[in-house]
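Visitor: I would like to learn how to read an interface between two chains. Where do we start?

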Amino acid sequence: MVMKQTPSQTVGPYFAYGLTAQQYHYPHSQYADGCLVTDQTQGERIRIVGRVLDGHGDVVDDAMIEIWQANAAGRFDHPNDAREARPLDPAFKGFGRFGTGTTPDNSFRFDTIKPGAIRDGVAPFISVIVFGRGIMNHAYTRLYFSDETTANAADPVLEKVPADRRNTLIATRNDTATGVEYRFDIRMQGDNETVFFDF
Amino acid sequence: MSKFTPRDWASHPSYLSPEYKSSRLRGVSRNLVEIDPELAELTGPAFGEEVLGPLDNDLTRNGRVNGEPLGERIIVTGRVLDENGDPVPNTLVEVWQANAAGRYVHIRDQHDAPLDPNFLGAGRCVTDENGEYRFMTIKPGAYPWGNHPNAWRPNHIHFSLFGPTIATRLVTQMYFPGDPLLDLDPIYQSVPAQSRERLVSQFSIDVTEENYALGYVFDIVLRGVNATPVEA
Ligand SMILES: [Fe+2]
């Protein structure tokens, strides 16, 4: 290694007008938000809703969540995923970003599709990145789905997670009047601290 | 399968840096679970020029309403590299900052310093084929915050970068050389001592434009990624 990594710093409390400007109604554009789908997107429509909680269980109202996921066929829209057998969806990029400062309960919300499994033997999941004031290094976690019991039980990444902490990665499915919703709260600390990954 | 270099924890702050109060209840407290990177980590959003507006890299112009923003015009430029020293081309760089008086446009910033009607303080650009980026902006002012008595943040610009995959994601802050507040700032000081200076930009007379603006250079190093496409 000839170069050393630039250190991370907290995103701070004032990212909203720079990174999520339209969501917060600042006069600056925003190229990714909480809606990952259009009418043309293929796959089952789902909504992801959750809150970020601190070590006291208080809701964090200045966090930013990013998600990254495969499309309904389990393919990522990126040159490193060249698997032609799984078609790209021109109406799905797979990236979303949402700050927790604009909804009444300070939740994050993503309208997306349920991703396909990216290969045989793994459960479908969404990669989640957490940023916030007080969070020195962005934290990586994963969202798995509560209605994928069989696939989750065989998933090699979930297997690496201590059994008593796996529940922190499972989003709970609710069938609501406005569609399928998965609840995914992120606990930064405490008894049920979310599992965060290093890779 | 492509691989990349690990997150170098000797270069980054600890999640729990108690001198920075907000980290105490928000920093990850349990050990991270190590996993082998697979496709999900070896891919990520690829944003290019298509997301840029014409004035996105000129913060002295993109917030104008009825005149020029006040303060000291500066140029901030540098290269985005990986740990091998290879340029990271075509990657999105987002910045946000306080105005010359040390006030953010953000509605929650209640610091008793004037907003500048002609300065927003947000911009973005995309690195070129050599990994170079360049912004024109106003030098941000220092501002007080509630972390401890008489606490002031040093002058800084917030940066957000993607790199080739979600593994190379980086959010950081750029500081200015010779700032006496650096020694007193728990956010800057949270970085291990041997790595802190990587966050301090350098004044450059070569980048400085005569009769117009001072120049600062800030190079950014991301995790190294060997981008080999994965076949079916
Ligand atoms: Fe700041």
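Guide: We go through the interface step by step. Keep in mind that this is a predicted model.

Visitor: How many residues are in contact between chain A and chain B?

Guide: On the chain A side, 72 residues touch chain B. Chain B contributes 97 residues.

Visitor: What is the area buried between the chains?

Guide: The general idea comes before the case. Interface size is often quoted as the accessible area lost when the parts come together. Here chain A and chain B bury about 7500 Å². Carbon and sulfur atoms give 57% of that area. In chain A, the residues that lose the most area to chain B are A:Gln5, A:Gln9 and A:Phe199. Together they make up 12% of what that side buries.

Visitor: How many salt bridges and polar contacts are there?

Guide: Seven salt bridges are counted between chain A and chain B. One of them pairs A:Arg142 with B:Glu38. Their closest N and O atoms are 3.1 Å apart. For polar contacts, the rule finds 52 residue pairs across the interface, both partners at pLDDT 80 or more.

Visitor: Which elements of chain A supply residues to this side?

Guide: Several supply at least two residues each, among them helix 1 (16–19), strand 6 (125–132) and strand 7 (139–145). By residue class, the chain A side has 37 nonpolar, 18 polar and 17 charged residues.

Visitor: Do strands pair parallel or antiparallel across the chains?

Guide: Strand 11 of chain A and strand 1 (residues 33–34) of chain B run parallel, joined by two bridges. A:Asp198 stands opposite B:Glu34 in strand 1 of chain B.

Methods. Residues are numbered from 1 along each chain as its sequence is written. Chains are lettered from A and ligands numbered from 1 in the order in which they are written. This is a predicted model: local features need pLDDT of at least 70, side-chain atom pairs count only at pLDDT 80 or more; totals for chains, interfaces and linings use all residues. Side-chain values use heavy atoms; hydrogens and water are left out. Contact means heavy atoms within 4.5 Å. Buried area is the accessible area (1.4 Å probe) that two parts lose on being put together, summed over both. A salt bridge is a side-chain nitrogen of Lys or Arg within 4 Å of a carboxyl oxygen of Asp or Glu. A polar contact is a pair of N or O atoms within 3.5 Å; within protein, one must be able to donate a hydrogen and the other to accept it, and residues adjacent in sequence count only if both atoms are side-chain atoms. Helices (H or I, at least four residues) and strands (E, at least two) are DSSP runs, numbered from the N terminus. Ala, Val, Leu, Ile, Met, Phe, Trp, Tyr, Cys and Pro count as nonpolar, Asp, Glu, Lys and Arg as charged, and the others, Gly among them, as polar. Two strands pair if DSSP finds at least two bridges between them.
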